[in-house]
Amino acid sequence: MKPVELITLQPGEMLYRQGDHNKDAYIVAAGDVVLFRTFGSERREYEIRGSGSVIGELSVLTDNPRSVNVQAKTHVQLIKVPASQINASYETTNPLLRTCIDTAISFTAQLTAMDAKPSHPPPRSTATLTNAADVIDKYQFEIDLLESIENGNFSMVYQPIVTLQSGQIVGFEALMRWNHPTRGFVPPDHFITAAEDMGVIETLTLFALEQSCETLTDIARHAPHQVPIFASINVSGHDVARPGFYTQMADILDAYNIAPSQIKLEVTETAIMPDNEDVLDNLMGLEALGCGLSIDDFGTGYSNLAHLKSIPMTALKIDRAFAGDAHSNPVSSGIVAMLVGLGAALEVDIVAEGVETDADVDALSDLGCSYAQGYFFYRPIDRDDLLTLIGNQNGLARPTNVA
Ligand code: C2E
Ligand code: CA
Ligand code: CA
């Protein structure tokens, strides 16, 4: 951390002038400053700010020049807050707060414009009613989400993953559901993204992990004759970038007495971008632990093949955009064939997602895919149904379409 920079001004000395482009903010530590604007030869004073107030904070976040002059009224001491520091906090702040700041900036810019041309009619605010309604909706959504996290209004459903050849269940993907009393079904990609933005995804990820461990324990108890099946758990880029995530995983698996080889973590390509040491540490830690790593929605991001080669992944999940129409679209079938080849070269499993029809199954089998999941086989189901299904399977026949 850089040491705090203290600035001292004598009475009458200027801190900055209207039109200046310097961008730092300041906290008044002692004394008073006066904020004024000039109109020709006229000087119009707006405000005197004393100890504890902040000056110049808004222009840090815009490209606009300073809108006022700031002058020391007494002997003044100021603490400089570098623009870079404010910008970093702004980028990572709660989206709602960011919207409030943006609105304040745009409002201030309008007041300044009105001051400069007082005879003009007031400009129309950009903080429209739609914006306001959006902000309120978003705010309410965030409150509901936080409340639900506190009240435990989440549950997991499980979608079986099968071998394409026999239809035998070899694992399941754990998918989260939010059971809010008035909102009804909220798509998980919606609330997961919000939880990531709000910095509360960790709680949800750990919930998914613990629930999946309980499910694996129940399966082992309920269907001891089955070969151990695996749980595939979606984790966010925020999780894998969190220092020590893999030790958190190790502790949970230990607590539930689950073999790490029964756990696969699903991450998207963008979550494991190169050059982030915390991500690499976690991936290596998870590999050492013995967990699997599946690359989710493969084919939809901008794959960096050199990077893929260097990470310890164990499976590629082909996005349903390709798997779902490989039987009818030559481009999709070409892509699937290429991905199957890539999987063989990298010695990882290939799982096709979004398999909905008999034609999908045949096309994907012909293309050399080994594993699949999709409505053709099973929809996501609750724990009890999964236990029954696994308890009853003989693992030989392709199951009938239960979707
Ligand atoms: P995903 O990881 O790609 O999950 C697969 C999604 O495809 C699931 O949607 C699943 O219900 C749906 N699906 C499965 N088979 C078929 C099919 O044959 N046809 C069609 N049209 N869809 C199928 P869902 O449950 O709505 O989840 C959406 C996304 O939300 C997931 O996409 C994942 O990115 C995220 N998500 C869900 N649960 C979690 C979680 O616990 N943690 C995290 N971080 N993300 C989650
Ligand atoms: Ca997934
Ligand atoms: Ca997926």
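## Around ligand 1 and a pair of calcium ions

Ala195 is part of helix 4, and with a relative accessibility of 0% this alanine counts as buried. Please keep in mind that the model is predicted. Helix 4, which spans residues 188-198, is also one of the elements that supply at least two residues each to the shell around ligand 1. Below is a short tour of that shell, the calcium ions and the residues that take part in both.

**Ala195 and helix 4**

- Ala195 and Glu142 are 53 residues apart along the chain, and 8.3 Å separates their C-alpha atoms.
- Ala195 is called buried because its relative accessibility is 0%, and the cut-off for that word is under 20%.

**The calcium ions**

- Asp296, Asp297 and Glu353 coordinate the calcium ion (ligand 3), with Asp296 and Asp297 using OD atoms and Glu353 appearing twice through OE, at 2.2 to 2.4 Å.
- Read along the chain, the donors of this calcium ion (ligand 3) have the spacing D-D-x55-E.
- Asp297 belongs to strand 13 (residues 292-298), while Glu353 is in the loop between strand 15 (349-352) and helix 12 (358-366), so this pair ties together parts that lie 56 residues apart in sequence.
- How exposed or buried are these two residues? Asp297 is partly exposed, at a relative accessible area of 25%, whereas Glu353 is buried, at 11%.
- A second calcium ion (ligand 2) is 3.9 Å from the calcium ion (ligand 3), and Asp296 coordinates both.

**Where ligand 1 sits**

- Ligand 1 occupies the largest pocket.
- The shell around ligand 1 holds 21 residues, and the closest are Gln159, Arg177, Asp296, Glu356 and Tyr375. Asp296 is thus a residue to look at twice, as it also coordinates both calcium ions, ligand 2 and ligand 3.
- Which element gives the most to this shell? Strand 10 does, with four residues.
- Strand 9 (154-163), strand 10 (169-178), helix 4 and strand 13 each contribute at least two residues.

**Polar contacts of ligand 1**

- A backbone N or O atom of Tyr375 is 2.8 Å from an oxygen atom of ligand 1.
- The side chain of Asp297 has an N or O atom 3.2 Å from an oxygen atom of ligand 1, and Asp297 is also among the residues that coordinate the calcium ion (ligand 3).
- Asp189 places a polar backbone atom 3.5 Å from an oxygen atom of ligand 1.
- On its own, ligand 1 has 800 Å² of accessible area, and the protein covers 84% of it.

Definitions and conventions. Residues numbered from 1 in each chain as written. Chains lettered and ligands numbered in written order. Predicted model: local features only at pLDDT ≥ 70, side-chain atom pairs only at ≥ 80, totals over all residues. Heavy atoms only, no water. Donors = N, O, S within 2.8 Å, 3.2 Å for Na, K, Ca; no water. Buried < 20%, exposed > 50% of the residue type's maximum accessible area, 1.4 Å probe, protein only. Near = heavy atom within 4 Å. Polar contact = N/O pair within 3.5 Å; in protein donor to acceptor, adjacent residues only side chain to side chain. Areas by Shrake-Rupley, 256 points an atom, 1.4 Å probe, with all protein chains shown as cover. 1 Å grid on protein atoms, 1.4 Å probe; cavity = no way out; pocket = protein on both sides within 12 Å on 5 of 7 lines; lining within 4 Å. Sits in = over half its atoms within 2 Å of the grid points.
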